[in-house]
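User: I'm new to reading protein structures, and I'd like a close look at one part of this one. Could you pick a spot and walk me through it, then show me how other parts pack?

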Amino acid sequence: MATTLSDPALREPPAQAAASPANVPLGALPELIWFNGKIVPWQSATVHVMTHALHYGSSVFEGMRCYETSRGPALFRAREHMRRLRDSARLYRMDLPLDEAALVDACREVVRKNGFANAYLRPLAWRGVGGLTLNAVRHPVELMIAALPWGAYLGDEALEHGVDVGISSWTRPAPNTIPTGAKAGGNYVSSQLIAMEAERLGFAEGIALDTTGTVSEGSGENIFLVRDGVLVTPPAASSILPGITRDTVITLARANDVPVREERIPREALYSADEVFFTGTAAEVTPVRSVDGIQVGTGRRGPMTALLQHEFFASVRGERPDFRGWLTLV
């Protein structure tokens, strides 16, 4: 049965998936990494300084979470993440050494070997040593998967109280410049500029516009707004990475009879929205309490955000029947 906005369970903040802060302290680093087909000690997973990806950003990666459930640790939407990794690699003509099923098994192995119940996973493929030519299709492709303890990306209080954000002066790339639908390392140079500017100006995060001046995304998150009970998010054409958490939230919203529109969003719509929130593997579902110093709604998590948070965490923790096949037990 669909949860309603008045459900008493939504009045309490969701329990955190892990106690660790987003910036993992040195003592919390895992002991083991999956590296080119083998589980190796953390300190042994190294590359040469002439690695192509260090010079030109020729890497593709994923971010995926593992959550503790009543049946044990489970990867959330692992198949979709591994498909996107392979799709990103295909765009850059990188031949990965494993198929999607083998990639999922490797993710399970690194979580299991490190003994994690909750973890953030970072699969990464990159072009290795082979000269400094830009056309590196003959360079070796290397692959690693790390699993880290990682809590709420934007802070432990953010899931309930929200974060203050600002519109960035940096614009997302135009269509047909670089493929923003690929999760490629080079794309995140733009994200670094957005995140650094936001912190310098006192914001928790920045929101980038696209080249038409409409809303794109955060430095590492998709964005939604709520107006008069309708959920709105920018389309793929707004230079976004079509996130898997974004897709999850859209699916859960429709299952709860929430109308959803994917359309271009003018900047000013953020200032007059009833609610705004970010989604992402790291950010999960994080409310926004102000944009450019203008309070959003009541200045804290709104009822639609609370509903979708509740549904999201119930899904990732296996508190709902997994009829969509989103969970892969470790």
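Analyst: Let's start with Val276, which sits in strand β14, residues 275-280. Keep in mind that this is a predicted model. Is Val276 buried or exposed? Its relative accessible area is 1%, and the cut-off for buried is under 20%, so Val276 counts as buried. Who are its neighbours? Leaving out residues up to four places away in sequence, Val276 touches Ile223, Phe224, Leu225, Leu270, Pro287, Val288 and Val296. You can also compare sequence and space here: Val276 and Val291 are 15 residues apart along the chain, and their C-alpha atoms are 9.0 Å apart.

Now for the bigger picture. In soluble globular proteins, nonpolar side chains tend to be buried together. In this model, the largest nonpolar core has 26 residues, and Leu75, Val111 and Leu121 have the most contacts inside it. Several elements chip in at least two residues each: β4 (64-69), α2 (78-91), α3 (100-114), β6 (119-127) and β7 (141-148). The largest share, six residues, comes from α3. Zoom in on Leu121 and, again skipping residues up to four places away in sequence, you'll find it touching a whole crowd, including Leu75, Cys107, Val110, Val111 and Ile145. There's also a second, separate core, with 23 residues, and among them are Phe76, Val258, Phe313 and Leu327.

Two of those core suppliers, α2 and α3, also meet each other. Their axes come within 9 Å and cross at roughly 120 degrees. Angles of 65 to 115 degrees would count as roughly perpendicular, so α2 and α3 are oblique to each other instead. The crossing is right-handed. On the α2 side you have Ala78, Arg79, Met82, Arg83, Leu85 and Arg86, and they meet Glu100, Leu103, Val104 and Cys107 of α3. Sorted by class, that contact has six nonpolar, four charged and no polar residues.

Another helix pair to look at is α6 (residues 244-255) with α8 (residues 303-316): their axes are 10 Å apart and the packing angle is about 110 degrees. That makes α6 and α8 roughly perpendicular to each other. α6 passes α8 in a right-handed crossing too. Here Thr245, Thr248, Val249, Leu252 and Ala253 from α6 meet Leu308, Glu311, Phe312 and Ser315 from α8. By class, the contact of α6 with α8 has five nonpolar residues, three polar and one charged.

Note on methods
Residues numbered from 1 in each chain as written. Predicted model: local features only at pLDDT ≥ 70, side-chain atom pairs only at ≥ 80, totals over all residues. Heavy atoms only, no water. Core = buried A, V, L, I, M, F, W, Y, C linked by side-chain atoms within 4.5 Å. Buried < 20%, exposed > 50% of the residue type's maximum accessible area, 1.4 Å probe, protein only. Helix = DSSP H or I, 4+ residues; strand = E, 2+ residues; numbered from the N terminus. Contact = heavy atoms within 4.5 Å. Axes fitted to C-alpha atoms, helices over the stretch in contact; angles between N-to-C directions. Parallel < 35°, antiparallel > 145°, perpendicular 65-115°, else oblique. Left-handed = near helix turned anticlockwise from the far one by under 90°. Nonpolar A, V, L, I, M, F, W, Y, C, P; charged D, E, K, R; others polar.
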